[in-house]
Amino acid sequence: MANTATKKSTVFVLFVFVCLLAGGVFMLLRPAPSTDHRGTAQERGKQAVPVEVMPIEQGTITLKRIFSGALEAGAEFVVAPKVAGRVERLSVDISDRVERNQVVAQLDNAEYVQELAQARANLAVARANLIEARNALGIATRELERFRTLQQRGVASESQFDTVKAEQLAKEAELEVARAEVLRAEAAVETARIRLGYTEITAGWSGGEERRVVSERYVDEGETVSANTALLRIVELDPITGVVFVAERDYARLKPGQQIALVTDAFPGEQFNGRIERIAPVFKQATRQARVELKIDNPGERLKPGMFIRATVVLERRDRSVIIPEQALVKRSDRTGIFVVSEDGRSVRWQEVEVGIQDGERVQINNLRLTGRVVTLGQQLLEDGSAIFIPGTADPARAEGAAL
């Protein structure tokens with residue numbers, strides 16, 4: 001029994017080996033598959049290729065660019081005292097409205113009040129000295145006239161007359177000095193008055209709107225500050241300024257007055273309008289970009305300095321243009337073209353095109369007047385004159401087969 005089982009196993013192994021050997025010989029002797037694809041191409045050309053199509057548009061297309069940037073205040077004014085002193089009072093704070101020339105801070109003015117009082121006292125002394133000098137000159141002038149009369153009568157000598165004359169001239173000089181002292185004292189009073197006025201600090205900006213907003217406060221009441229120390233920063237928010245930077249390829253297409261549409265993450269889905277206000281005449285050497293300032297209407301002052309923005313600018317607009325979907329473009333032998341669907345929708349024609357401006361997924365075609373439809377999916381299976389089948393329409397091949 002054991003010998004019988006061993007013989008059966010040996011026969012089975014030999015059978016498997018013979019089968020494998022026969023299969024290998026068959027694979028070696030089988031003819032190689034044909035590498036000639038002409039037949040396949042011909043068959044493919046005869047078969048209708050399923051494709052997707054879209055209509056060729058006739059209309060307006062625009063070339064747009066989106067630039068990222070940030071908002072800045074339309075104008076700003078830093079409030080700073082012209083004299084040193086202790087901040088006695090701040091009448092406004094962050095986000096408060098400020099009118100032009102409104103008093104926004106007060107410095108301790110005791111020292112300056114004293115200076116003004118001292119200057120006024122000096123002026124009073126100078127005026128008293130002026131009166132004294134004027135009276136002395138009057139006396140000297142009368143004395144000179146008396147000696148002139150005595151000289152004419154021969155009573156006074158020439159030397160006596162000269163002495164009186166010199167005295168009269170000296171009194172005239174003293175009068176001029178007294179007048180100058182009065183002018184100097186008056187100037188000192190005016191200076192003291194002005195310095196006293198500087199302790200009352202106003203927001204006296206020039207130009208722009210009559211009302212602005214306090215954006216920053218740098219000091220607190222009670223602090224002692226020196227001259228020209230910043231106290232407050234006041235900004236103008238309507239209109240507000242947007243700043244973007246553009247590269248050389250777009251620079252030449254921009255000009256002041258162009259309209260822009262602006263969006264920001266702070267107000268999703270909302271668009272703000274503005275225009276290009278200024279374009280820098282130079283490029284930053286480090287970035288090779290130029291600064292462009294946008295003037296943006298900001299009713300309600302919802303937009304704030306520091307917000308990031310995306311500004312869309314229309315660089316070019318073309319009317320009565322031939323427009324196709326971008327996905328319709330294909331490359332064949334380094335040439336750009338499209339497959340135009342025949343009127344009966346059963347075949348396509350290869351058409352080389354020159355691409356113009358692009359707006360999203362829409363592309364303008366230059367120097368051609370095309371109508372009808374173009375293939376947007378399945379172009380890789382097409383050639384000039386290929387038969388096509390548009391899903392959703394009757395398949396000509398199937399219709400003929402059904403008829404047979």
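The following legends describe close-up views of a predicted model.

**View 1. The open sheet formed by strands E8, E7, E5 and E10.** Four strands make up this open sheet, arranged in the order E8-E7-E5-E10 with antiparallel pairing. Its edges are strand E8 (200–203) and strand E10 (224–225), each of which pairs on one side only. Strands of a sheet pair through backbone hydrogen bonds, in either a parallel or an antiparallel manner.

**View 2. The junction between strands E5 and E10.** Strand E5 (residues 85–90) runs antiparallel to E10, and two bridges join the two strands. Arg-86 has Thr-224, in E10, as its bridge partner. Strand E10 is also an edge strand of the open sheet.

**View 3. Surroundings of Thr-62 in strand E3.** Thr-62 lies in strand E3, which covers residues 57–72. Its relative accessibility is 11%, and Thr-62 therefore counts as buried, the cut-off for that class being under 20%. When neighbours within four places in sequence are left aside, the residues in contact with Thr-62 are Val-314, Glu-316, Arg-317, Ile-357, Gln-358 and Asp-359.

**View 4. Strand E15 with its partners E12 and E14.** Strand E15 (residues 290–296) is largely enclosed by the rest of the structure, because five of its seven residues are buried. Strand E12 (residues 240–246) pairs with E15 in the antiparallel sense over seven bridges; within this pairing, Val-246 stands opposite Ala-290 of E15. Strand E14 (residues 272–279) likewise pairs with E15 in the antiparallel sense, here over five bridges. Ile-276 stands opposite Leu-294 of E15.

**View 5. Helix H3 and its packing against helix H4.** Helix H3 spans residues 110–153 and contains 44 residues. From its first C-alpha to its last, H3 reaches 65 Å, close to the 64 Å expected at 1.5 Å a residue. The buried residues of H3 include the leucines Leu-116, Leu-123, Leu-130, Leu-137 and Leu-144. Also buried in H3 are the alanines Ala-119, Ala-126, Ala-133 and Ala-140, together with the aromatic residues Tyr-112 and Phe-147. Helix H4 (158–197) is the element against which the buried residues of H3 pack.

**View 6. The residue just after helix H3.** Gly-154 follows directly after H3 and takes a positive phi of about 85 degrees. The preceding helix, H3, comprises residues 110–153.

Methods: Residues are numbered from 1 along each chain as its sequence is written. This is a predicted model: local features need pLDDT of at least 70, side-chain atom pairs count only at pLDDT 80 or more; totals for chains, interfaces and linings use all residues. Side-chain values use heavy atoms; hydrogens and water are left out. Two strands pair if DSSP finds at least two bridges between them. Buried means under 20% relative accessible area, exposed over 50%, partly exposed in between (1.4 Å probe, protein chains only). Contact means heavy atoms within 4.5 Å. The expected span of a helix is 1.5 Å times one less than its number of residues.
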